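User: Please take a close look at one part of this structure and describe its surroundings. A single connected account would suit me.

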Amino acid sequence: VQLQASGGGLVQAGGSLRLSCAASGSSITVMGWSRQAPGKERELIARWISGAMTNYADSVKGRFTISRDNAKNTVYLQMNSLKPEDTAVYYCNAGSYLSPSRYWGQGTQVTVSS
């Protein structure tokens with residue numbers, strides 16, 4: 001399985017970005033996004049589970065939305081009302097129910113200016 005993430009960039013506070021992660025291969029039932037800010041640990045912020053279940057970290061709940069296009073085997077992260085503290089490298093991950101973060105994509109930088 002290979003994951004290809006895209007969509008990062010520079011945006012002003014209050015703005016929006018959409019990240020995409022295209023997966024190759026099959027048997028993926030869980031996809032998610034994690035992020036790592038400078039000097040901080042990597043944190044899981046959003047997860048999509050087959051059956052259209054989603055969950056979010058409190059830090060992004062109500063502002064970020066994860067969704068998946070099954071036909072394209074692609075997961076998206078719509079990020080609204082961005083804050084400077086959302087600045088981080090964002091990583092796509094995927095796997096199965098038993099190993100939900102088995103595969104990782106390359107990071108994509110998101111920078112939110114104040």
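Analyst: In this predicted model, strand 4 and strand 5 form a hairpin with six residues between them. Gly39, in the turn, has a positive phi of about 80 degrees. The two strands of the hairpin run antiparallel and are joined by six bridges, with strand 5 covering residues 43–49. Within this pairing, Gly32 stands opposite Arg47 of strand 5.

Strand 4 also pairs with strand 9 (residues 88–95), again in the antiparallel sense, over seven bridges. Here Arg35 is the residue that stands opposite Tyr90 in strand 9. Strand 4 itself spans residues 30–36 and is mostly covered, with six of its seven residues buried.

One residue that touches this region is Arg68, which belongs to strand 7 (residues 64–69). Apart from neighbours within four places in sequence, the contacts of Arg68 are Ile28, Met31, Trp48, Asn73, Thr74 and Val75. Of these, Met31 falls within the residue range of strand 4, and Trp48 within that of strand 5.

Arg68 is buried but has no salt bridge. The nearest side chain of opposite charge is that of Asp69, 7.4 Å away; the cut-off for a salt bridge is 4 Å, so Asp69 does not qualify. The side chain of Arg68 does have polar partners: a polar contact of 2.5 Å links it to the side chain of Asn73, and another, of 3.0 Å, to the side chain of Asn70.

Definitions and conventions. Residues numbered from 1 in each chain as written. Predicted model: local features only at pLDDT ≥ 70, side-chain atom pairs only at ≥ 80, totals over all residues. Heavy atoms only, no water. Helix = DSSP H or I, 4+ residues; strand = E, 2+ residues; numbered from the N terminus. Buried < 20%, exposed > 50% of the residue type's maximum accessible area, 1.4 Å probe, protein only. Lys, Arg positive; Asp, Glu negative; His and termini not counted. Polar contact = N/O pair within 3.5 Å; in protein donor to acceptor, adjacent residues only side chain to side chain. Contact = heavy atoms within 4.5 Å. Pairing = 2+ DSSP bridges.
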